[in-house]
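This briefing looks at a protein with DNA, taking the packing of the protein interior before the surface that faces the nucleic acid.

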Amino acid sequence: MDDAYTEAVLSVVESIPPGHVMTYGAIADVVGETLGRGGPRQVGSVMSHEGGGTPWWRVIRAGGRGARGHEIGAREHWLAEGTPLLADGERVDLRRAAWTPPD
DNA sequence: ACCTTGACCTTGG
DNA sequence: CCCAAGGCCAAGG
């Protein structure tokens, strides 16, 4: 069993609907709202170590690119589930795909 | 306690 | 949009 922070992050990631995405910062905000700690880097750390069993490709950087070192695989998933992309096909169109969990 | 590292972000140019 | 600088949070050496 992992600590509460890890569980909170994974829970939010798993709540992201197919075709939508959340940035590391947005996740950090949601989790920080309830646990009062953590930042984007902390979310990245959790994903790096425990993100294997989650839809990790729905977690992206503020600029719309996929996780460092995993841009390729992420893109395939975006294409497969119809995530809105920008013209270059390498970045998610945040204005259309951004999502936030309901209150 | 200090320094480095990391699936990061924002601001200014 | 890209790049460089500075900020940020926590873990590990």
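The largest nonpolar core has 17 residues, and those with the most contacts inside it are Val9, Ile27, Val31, Val43, Met47 and Val59; such a core is a set of buried Ala, Val, Leu, Ile, Met, Phe, Trp, Tyr and Cys residues joined through side-chain atoms within 4.5 Å, where buried means under 20% relative accessible area (1.4 Å probe, protein chains only). This is a predicted model, in which local features need pLDDT of at least 70 and side-chain atom pairs count only at pLDDT 80 or more, while totals for chains, interfaces and linings use all residues. Residues are numbered from 1 along each chain as its sequence is written, chains are lettered from A in the order in which they are written, and side-chain values use heavy atoms, with hydrogens and water left out.

**Core**
- Helix 1 (4-15), helix 2 (24-35) and helix 3 (40-50) each give two or more residues to the largest core, with helices taken as DSSP runs (H or I, at least four residues) numbered from the N terminus.
- Helix 1 gives the most to this core, namely six residues.
- Another core, of eight residues, lies apart from it and includes Val21, Ile60, Ala74 and Ala97.

**DNA strand B**
- Helix 3 gives the most to the surface near DNA strand B, with five residues, near meaning that a heavy atom of the residue lies within 4 Å.
- A polar side-chain atom of Arg41 lies 2.3 Å from a base nitrogen of DNA strand B, whereas Met47 places a backbone N or O atom 3.3 Å from a base nitrogen of that strand.

Technical notes: Buried means under 20% relative accessible area, exposed over 50%, partly exposed in between (1.4 Å probe, protein chains only). A polar contact is a pair of N or O atoms within 3.5 Å; within protein, one must be able to donate a hydrogen and the other to accept it, and residues adjacent in sequence count only if both atoms are side-chain atoms.
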